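Visitor: Got a minute to walk me through this one? I'd like to know what's worth looking at before I get back to the bench.

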Amino acid sequence: MTHVLAIDIGGTKLAAALVDEEGSVLRSATRPTPREDVMASLATLIKEVSEGGPEPSAAGIGCAGPLDLAAGTVSPVNLPSWRGFPLRDQVRELTGLPTVLAGDAQCMALGEHWLGAGRGSAALLGIVVSTGIGGGLVIGGRPLLGPTGNAGHVGHMTVDPYGERCECGGRGCVERYSSGPNMVRWALENGWTPAEAAAPPRDMTSGGTGAAPARADARLLAQDAAAGNPVAVAAFGRGATALAGMIAATAAATEVSTVVIGGGVSGAGPVLFEPLARALDDIGGLPFVRAVRVEQTTLGVQAGLAGAAKLAWDYSRSAT
């Protein structure tokens with residue numbers, strides 16, 4: 001059976017795998033993303049996965065953006081050593097394989113459409129809710145990449161034109177309300193203190209200082225929201241409402257029928273998905289917008305690799 005090489009590049013983790021036509025992983029490996037010499041680390045990872053295995057027919061790469069598909073370059077915000085970096089050509093030269101590139105969230109959406117919660121959907125929006133908000137569209141079974149490769153950048157759709165200034169320079173972007181760090185920021189500004197941080201130290205010994213206080217993050221915010229802390233609940237409600245506005249607008253523009261949400265914050269479960277369902281019910285008007293089905297990822301962190309593999313399979317077939 002033939003395989004493809006799938007590569008997933010993010011700010012915290014590099015991953016690679018050999019994947020067959022059914023989506024089964026023969027070999028895989030991960031390593032932390034270094035601050036410098038990222039390509040050297042990626043080359044070692046590819047060698048680890050490939051050496052002694054079957055020869056792959058193509059390579060697919062999902063990478064954090066922005067990117068330029070025509071040039072094959074990437075400039076990930078969270079990889080400062082890569083600006084206009086010729087990733088596609090570097091991997092092609094390294095492996096000798098036909099190589100195709102897309103955004104990491106686009107690969108997440110494609111992976112969920114192929115093997116996950118969005119399998120078989122006619123029109124799917126994949127959303128990554130994490131330190132930022134990423135997105136990708138799969139329409140008619142094919143990823144919608146756009147002229148430069150940045151289509152589906154839903155985290156920077158404006159949901160409030162009079163709202164807060166976003167880190168991107170825009171105003172009222174959904175990321176400013178719904179990303180993990182921004183929900184935590186708003187909660188802290190409105191009086192939230194993590195219950196875990198406020199608890200007495202657990203490891204006191206004579207003369208010791210006890211456990212370090214917990215650092216406020218989205219995991220603790222979700223934990224407190226599940227326990228009913230009103231500010232934590234409100235933070236998730238605010239974030240969910242912004243997501244709902246973005247989903248409704250995307251559905252109205254593209255008629256997506258399925259939305260799959262992944263990323264670390266999606267692990268919050270009901271404290272995110274229940275207010276999201278209520279907000280969509282309130283915001284959605286047209287019947288086809290209200291009919292959108294929202295699902296939690298079933299592939300988790302593997303969705304990006306699955307999408308990169310599908311990208312490679314489609315590319316290798318189109319080239320023959």
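**A walk through the model**

Guide: Sure. Keep in mind that this is a predicted model. Let's start with R176: setting aside its neighbours within four places in sequence, R176 is in contact with E164, R165, C166, E167, N182 and R185.

Visitor: Which helix does R176 lie in?

Guide: R176 lies in helix α4, residues 175-178.

Visitor: And is R176 buried or exposed?

Guide: Buried, because its relative accessible area is 16% and the cut-off for buried is under 20%.

Visitor: Which side chain does R176 have a polar contact with?

Guide: With that of E167, and the polar contact between the two side chains is 3.1 Å.

Visitor: OK, new topic. How much space lies in the largest pocket?

Guide: About 1400 Å³. Its lining takes in 43 residues, and N78, D104, V128, S130 and T131 are the ones nearest the pocket's centre.

Visitor: Which elements supply at least two residues of that lining?

Guide: There are β1 (3-9), α3 (104-115), β9 (133-139), α5 (180-189) and α11 (303-318). The largest share comes from α3, with four residues.

Visitor: How do the lining residues divide into nonpolar, polar and charged?

Guide: For the largest pocket, 24 are polar, 15 are nonpolar and four are charged.

Visitor: What about the second largest pocket, how much space lies there?

Guide: About 190 Å³ lies in the second largest pocket. The residues that line it are V100, L110, R142, P143, L145, L311, D314, Y315 and S318.

Visitor: Which elements give two or more residues to that one?

Guide: β10 (142-144) and α11 do. Of the two, α11 gives the largest share of the lining of the second largest pocket, four residues.

Visitor: And how does the lining of the second largest pocket look by class?

Guide: Six residues are nonpolar, two are charged and one is polar.

Visitor: Let's move to the strands. How many residues of β4 are buried?

Guide: Five of the five, residues 59-63, so strand β4 is largely enclosed by the rest of the structure.

Visitor: Which way do the residues of β4 point?

Guide: A59, I61 and C63 point one way, while G60 and G62 point the other way, and all of them are buried. That fits the general pattern: in a regular strand, side chains alternate between the two faces of the sheet.

Visitor: How many bridges join β1 to β4?

Guide: Five, and β1 and β4 run parallel. If you want a spot to click on, D8 stands opposite G62 in β4.

Visitor: And in which sense do β4 and β7 pair?

Guide: Parallel, with five bridges between β4 and strand β7, which covers residues 99-103. Here G60 has V100 in β7 as its bridge partner. You've met V100 already, as one of the residues that line the second largest pocket.

Visitor: Nice link. One last residue: where does A244 lie?

Guide: A244 lies in helix α8, residues 230-254. A244 counts as buried because its relative accessibility is 0%.

Visitor: What is A244 in contact with, leaving aside its neighbours within four places in sequence?

Guide: L276, A279, L280 and I283.

Visitor: And how far apart are A244 and V159?

Guide: In space, 9.3 Å from C-alpha to C-alpha, and in sequence, 85 residues.

Visitor: Great, thanks. That gives me plenty to click through.

How values were computed: Residues are numbered from 1 along each chain as its sequence is written. This is a predicted model: local features need pLDDT of at least 70, side-chain atom pairs count only at pLDDT 80 or more; totals for chains, interfaces and linings use all residues. Side-chain values use heavy atoms; hydrogens and water are left out. On a 1 Å grid over the protein atoms alone, a cavity is a set of points where a 1.4 Å probe fits but cannot get out, and a pocket is an open set with protein on both sides within 12 Å along at least five of seven lines; lining residues have an atom within 4 Å of a point. Grid points are joined across faces, edges and corners, and a volume is the space filled by probe spheres set on the points. Ala, Val, Leu, Ile, Met, Phe, Trp, Tyr, Cys and Pro count as nonpolar, Asp, Glu, Lys and Arg as charged, and the others, Gly among them, as polar. Buried means under 20% relative accessible area, exposed over 50%, partly exposed in between (1.4 Å probe, protein chains only). Two strands pair if DSSP finds at least two bridges between them. Contact means heavy atoms within 4.5 Å. A polar contact is a pair of N or O atoms within 3.5 Å; within protein, one must be able to donate a hydrogen and the other to accept it, and residues adjacent in sequence count only if both atoms are side-chain atoms.
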